[in-house]
Amino acid sequence: MNILNGGKHADNSVDLQEFMAMPIGAPNFAEALRYVAETFHALKGILHKRKYATSVGDEGGFAPNLKSNDEACEVIIEAIEAAGYAPGKDIAIALDPAASSFYEDGAYHLAKSGQGKKTGAQMTDLYKSWVDKYHVVSIEDGLAENDWEGFRAHTAALGDRVQIVGDDIYVTNTKFIARGIQEKSTNAVLIKLNQIGSVTETIEAIQMCQKAGWGYVVSHRSGETEDAFLADFAVAMGGGQIKTGSACRSERIAKYNRLLEIEAELGKAAVFGR
């Protein structure tokens with residue numbers, strides 16, 4: 001669940017685009033949704049108390065003008081605890097830096113937070129420090145979309161500890177995913193149905209991930225409607241992960257409500273993938 005935004009999704013001092021809560025300790029989907037929804041609302045209270053803005057972006061995450069990328073992780077950890085959960089056990093953090101948005105002339109420019117220019121290796125070291133400090137378990141687009149060599153080193157360094165998700169590097173295209181599997185560029189793929197263009201091609205991309213033993217995350221897009229097909233598709237594909245925005249805005253809630261319906265319809269036959 002996307003709960004806090006920066007980068008191009010927000011006019012603030014945070015370079016990374018999305019900070020998400022992953023309910024890794026929940027026993028079923030209904031409880032998983034409760035875990036992250038309560039964390040989302042606890043986060044609102046913390047931001048309000050610190051006199052930060054609590055308006056939301058186009059995917060429903062808060063976009064306060066925080067002091068740094070680190071503070072974003074820190075307030076989320078505080079919100080998890082305020083909601084009564086254990087960071088790293090009940091709920092972990094997932095990042096979508098969308099690094100292509102701050103990559104220029106061969107370097108990563110963390111200009112919004114004032115952390116300066118970094119190489120791909122230095123970005124990986126930065127992420128490693130956050131994995132150690134903030135219970136980060138998934139990093140999507142940690143490097144730029146054309147930095148294939150950087151991604152190989154990035155995954156070699158962190159892939160045994162966290163999920164390394166490729167989005168912009170693959171754009172749900174089977175040719176790019178095949179290259180990624182061969183080069184061990186990541187260990188997971190973000191799956192966007194309307195990016196590749198058809199359900200058939202999307203299933204082919206997922207089957208490649210399954211065959212390689214990779215994770216895959218069925219994902220929404222920023223411009224969404226209340227159509228809830230994505231929820232049905234995520235369950236049908238059996239990957240255990242869906243990325244569909246925050247605990248507000250009706251076009252995001254529609255997918256969560258449909259997932260609740262599916263779990264209720266399946267009853268005891270439901271298997272909660274984590």
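**Sheets, loops and a pocket in a predicted model**

Asp 105 is placed in the loop between β4 and β5, and the description of this predicted model can start from that turn of the chain. The phi angle of Asp 105 is near 50°, which is a positive value in a residue other than glycine. With a relative accessible area of 75%, Asp 105 is exposed, since the limit above which a residue counts as exposed is 50%.

The two strands on either side of this loop belong to an open sheet of three strands, arranged in the order β4-β5-β6 with antiparallel pairing. The edge strands of this sheet are β4 (103-104) and β6 (116-118), each of which pairs on one side only. Strand β4 is joined by two bridges to strand β5 (residues 107-110), and the two run antiparallel; within this pair, Tyr 103 stands opposite Tyr 108 in β5. Helix α3 (residues 120-134) packs on the three-stranded sheet, where it touches β5 and β6, and its direction makes about 105° with that of β6.

A second open sheet is formed by eight strands in the order β1-β2-β3-β7-β8-β9-β10-β11, and here the pairing is mixed. Because β1 (2-5) and β11 (242-243) stand at the edges with a single partner strand each, one side of each is left without a neighbour in the sheet. Helix α3 also packs on this eight-stranded sheet, touching β3 (92-96) and β7, with a direction that makes about 150° with that of β7. In general, the strands of a sheet pair through backbone hydrogen bonds, and they do so in either a parallel or an antiparallel manner. The parallel sense is found between strand β7 (residues 136-140) and strand β8 (residues 163-166), which pair over three bridges, and Glu 140 stands opposite Val 165 in β8. Strand β8 is covered on both faces, for Gln 163 and Val 165 on one side and Ile 164 and Gly 166 on the other are all buried. Elsewhere in the eight-stranded sheet, helix α8 (residues 229-237) lies across β10 (215-219) and β11, and it runs at about 165° to β10.

Several loop residues can be described in relation to these strands. Val 171 is found in the loop between β8 and α5, and its phi angle, near 45°, is a positive value in a residue other than glycine. Val 171 counts as partly exposed because its relative accessibility is 30%, a value that falls between the limits of 20% and 50%.

The loop between α5 (174-183) and β9 (188-191) holds Asn 187, and Thr 186 is also placed in the loop between α5 and β9. Thr 186 is buried, with a relative accessible area of 3%, and Asn 187, at 19% relative accessibility, counts as buried as well, because the term applies to values under 20%. The side chain of Thr 186 makes a polar contact of 2.8 Å with the side chain of Tyr 170, and the side chain of Thr 186 also reaches the backbone oxygen of Ala 188 at 3.0 Å. For Asn 187, a polar atom of the side chain lies 2.7 Å from the backbone nitrogen of Ile 164. When neighbours within four places in sequence are left aside, Thr 186 is in contact with Phe 151, Thr 155, Ile 164, Val 165, Gly 166, Tyr 170 and Trp 214. With neighbours within four places in sequence again left aside, the contacts of Asn 187 include Thr 155, Gln 163, Ile 164, Trp 214 and Gly 215.

Another loop residue, Thr 54, lies between α1 (29-49) and α2 (69-82), and at 25% relative accessibility Thr 54 counts as partly exposed. Apart from neighbours within four places in sequence, Thr 54 is in contact with Lys 44, Leu 47, His 48 and Phe 62. Thr 54 and Ala 270 are separated by 216 residues in sequence and by 36 Å in space, taken from C-alpha to C-alpha.

The largest pocket of the model has a volume of about 1,000 Å³. Its lining is made up of 43 residues, of which Gly 240, Gln 241, Ile 242, Phe 272 and Gly 273 lie nearest the centre of the pocket. Helix α9 (residues 250-266) gives the most to this lining, with five residues.

Notes: Residues are numbered from 1 along each chain as its sequence is written. This is a predicted model: local features need pLDDT of at least 70, side-chain atom pairs count only at pLDDT 80 or more; totals for chains, interfaces and linings use all residues. Side-chain values use heavy atoms; hydrogens and water are left out. Helices (H or I, at least four residues) and strands (E, at least two) are DSSP runs, numbered from the N terminus. Buried means under 20% relative accessible area, exposed over 50%, partly exposed in between (1.4 Å probe, protein chains only). A polar contact is a pair of N or O atoms within 3.5 Å; within protein, one must be able to donate a hydrogen and the other to accept it, and residues adjacent in sequence count only if both atoms are side-chain atoms. Contact means heavy atoms within 4.5 Å. Two strands pair if DSSP finds at least two bridges between them. Axes are lines fitted to C-alpha atoms, for helices over the stretch in contact, and angles run from 0 to 180 degrees between N-to-C directions. On a 1 Å grid over the protein atoms alone, a cavity is a set of points where a 1.4 Å probe fits but cannot get out, and a pocket is an open set with protein on both sides within 12 Å along at least five of seven lines; lining residues have an atom within 4 Å of a point. Grid points are joined across faces, edges and corners, and a volume is the space filled by probe spheres set on the points.
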